[in-house]
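Here's a quick briefing to read with the model open in your viewer. We'll go through charged pairs, a pocket, a surface patch and some backbone angles.

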Amino acid sequence: MTLSFGYWLLVYAAIAIIALIVLIARYRLNPFIVITLVSIGLALLAGMPASGVVGAYEAGVGKTLGHIALVVALGTMLGKMMAESGGAEQVARTLIDRFGEKNAHWAMVCIAFLVGLPLFFEVGFVLLVPIAFTVARRVGVSILMVGLPMVAGLSVVHALVPPHPAAMLAVQVYGASVGQTLMYAILIGIPTAIIAGPLYAKFIVPRIQLPAENPLERQFLDREPRDSLPGFGITMATILLPVVLMLIGGWANLISTPGSGFNQFLLFIGNSVIALLLATLLSFWTLGIAQGFSRESILKFTNECLAPTASITLLVGAGGGLNRILVDAGVTDQIVSLADEFHLSPLIMGWLFAALMRIATGSATVAMTTASGIVAPVAIGLGYPHPELLVLATGAGSVIFSHVNDGGFWLIKEYFNMTVAQTFKTWTVLETIISVVAFALTVGLSYLI
């Protein structure tokens with residue numbers, strides 16, 4: 001029996017992903033070069049016109065960088081101001097005092113859960129990573145012991161909890177109740193974050209040996225100790241400003257008339273780039289001028305913190321280029337068609353379709369929105385009575401098995417100074433734990449209600 005071209009597309013995609021992992025992890029080739037070569041090779045194998053391959057790859061890189069580059073740059077500047085002013089130190093001291101040094105990892109998962117509510121994962125990560133480095137230094141533990149609980153909290157919120165943008169999109173598509181979805185998401189999200197964050201960190205961190213030097217950690221921590229630190233309240237107000245603004249933007253259509261001038265203003269300040277820009281500008285005063293820094297010092301801080309982010313930004317962009325090739329070559333459509341051949345319950349379909357799209361494209365948001373669009377008509381046709389659970393199942397599937405085509409994979413790898421193999425053992429497994437645990441709890445909840 002001969003395989004159809006659609007099945008060959010899946011074979012080519014699988015070969016491409018395996019080649020990426022082997023060339024980067026085994027042969028230590030530059031990840032940006034490898035992702036670019038593999039993306040072009042996959043496009044040619046899939047039959048895309050040679051003249052259009054580079055254009056498609058560039059479009060994917062450009063679309064991804066258009067958002068991520070701004071977010072990483074502004075978030076890093078805000079993080080640098082927190083670090084230089086001692087704001088991160090103040091937050092770390094306060095959290096450690098409240099939770100105790102032995103429970104610093106619990107402190108990080110809690111603050112990530114709160115700060116991550118309206119933020120895309122990358123935004124929350126660059127906002128909180130200076131605090132993670134500071135807490136790790138103060139407590140004397142590996143950055144992974146506090147960093148993994150932090151990213152677990154952020155990822156759980158990203159996948160499950162409204163008013164996070166991805167979860168809100170799925171709520172709208174499924175016609176679910178925001179209030180009920182939020183209640184169920186918190187019920188499921190808290191134990192999921194605990195298992196994937198603090199508990200898994202305690203297991204895996206002793207098995208991961210990081211290099212003694214971390215250049216990104218050094219830029220946040222290696223500075224003269226300050227005599228006085230900004231207050232905990234003003235520091236948290238500065239870091240939570242973008243959170244509040246994005247929350248307002250997410251609810252703009254509920255608190256103002258859609259299309260009105262006030263509505264447009266709320267949507268504008270709620271945009272992640274504008275919210276981070278305003279918070280960064282505020283930090284120049286609250287964590288800069290008000291703490292005795294000159295304008296020249298602030299300019300120096302904001303210039304020097306950008307250099308270490310260049311490789312991260314390039315890798316995230318390359319992942320976006322690969323995503324575009326997978327979509328344009330028809331690989332994602334083929335995955336959907338293949339899964340559609342199996343008659344599954346809407347709950348399983350939501351998780352499975354999102355998981356397949358996540359593995360293929362690397363984007364949790366794309367996976368969640370695509371899967372919910374496919375499953376919603378089926379669920380309505382079958383009269384499935386709990387659309388809120390469909391939101392959670394789809395969200396759980398959307399974060400499974402983060403690997404080399406996911407920008408988050410490279411953020412974690414570079415900031416925590418891990419090898420590709422170590423990133424798979426920590427971040428990829430953590431994401432898969434979130435996916436499986438959250439889905440299992442959702443299924444359990446479906447029997448109860």
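A salt bridge here means a side-chain nitrogen of Lys or Arg within 4 Å of a carboxyl oxygen of Asp or Glu. Asp406 and Arg358 make the cut, because their closest N and O atoms are 3.3 Å apart. Keep in mind that this is a predicted model. Using that rule, the count comes to seven salt bridges.

**Salt bridges**

- The Asp406–Arg358 pair ties together distant parts of the chain, with the two positions 48 residues apart in numbering. Asp406 sits in the loop between α20 and α21, while Arg358 belongs to helix α18 (residues 346-361).
- Are these two partners buried or exposed? Both Asp406 and Arg358 are buried.
- There's also a network: salt bridges with shared partners join Lys80, Glu84, Lys300 and Glu304.
- Within that group, the side chains of Glu84 and Lys80 meet at 3.0 Å, N to O. Both lie in helix α3 (residues 50-85), four residues apart, or about one turn of the helix.
- Glu84 has a relative accessibility of 10% and Lys80 has 2%. Buried means under 20%, so Glu84 counts as buried, and so does Lys80.
- Asp328 and Arg324 form another salt bridge, again listed at 3.0 Å, N to O. Helix α16 holds both of them, four residues apart, about one turn of the helix.
- Asp328 is partly exposed, with a relative accessible area of 35%. Its partner Arg324 is partly exposed too, at 32%.

**The largest pocket**

- How much space lies in the largest pocket? The figure is about 900 Å³.
- The pocket is lined by 35 residues, and the closest to its centre are Thr64, Asn323, Ser363, Thr365 and Val366.
- Which helix gives the most to the lining? That's helix α16 (residues 310-328), with six residues. Helix α16 is also where you'll find the Asp328–Arg324 pair.
- Sorted by class, the lining has 17 polar, 11 nonpolar and seven charged residues.

**A nonpolar surface patch**

- Ile18, Val22, Tyr27 and Leu29 make up a nonpolar patch on the surface. Together they have about 380 Å² of accessible area.
- If you want a starting point for finding the patch, look for Ile18 in helix α1 (residues 5-26).
- Why does Ile18 count as exposed? Its relative accessible area is 52%, and exposed means over 50%, so Ile18 passes the cut-off.

**Positive phi angles**

- Two residues other than glycine to look at here are Phe401, with a positive phi near 45 degrees, and Asn417, with a positive phi near 60 degrees.
- Phe401 lies in the loop between α20 (387-397) and α21 (407-415). Asp406, from the salt bridge with Arg358, is in the loop between α20 and α21 as well.
- Asn417 is found in the loop between α21 and α22 (420-448).
- Buried or partly exposed? Phe401 counts as partly exposed at 35% relative accessibility, and Asn417 counts as partly exposed at 22%.

Notes. Residues are numbered from 1 along each chain as its sequence is written. This is a predicted model: local features need pLDDT of at least 70, side-chain atom pairs count only at pLDDT 80 or more; totals for chains, interfaces and linings use all residues. Side-chain values use heavy atoms; hydrogens and water are left out. Patches are made of residues with over 30% relative accessible area and no salt bridge: like charges are joined within 9 Å, nonpolar side chains (Val, Leu, Ile, Met, Phe, Trp, Tyr) within 5 Å. Accessible areas come from the Shrake-Rupley method with a 1.4 Å probe; for residues, only the protein chains shown count as cover. Buried means under 20% relative accessible area, exposed over 50%, partly exposed in between (1.4 Å probe, protein chains only). On a 1 Å grid over the protein atoms alone, a cavity is a set of points where a 1.4 Å probe fits but cannot get out, and a pocket is an open set with protein on both sides within 12 Å along at least five of seven lines; lining residues have an atom within 4 Å of a point. Grid points are joined across faces, edges and corners, and a volume is the space filled by probe spheres set on the points. Ala, Val, Leu, Ile, Met, Phe, Trp, Tyr, Cys and Pro count as nonpolar, Asp, Glu, Lys and Arg as charged, and the others, Gly among them, as polar.
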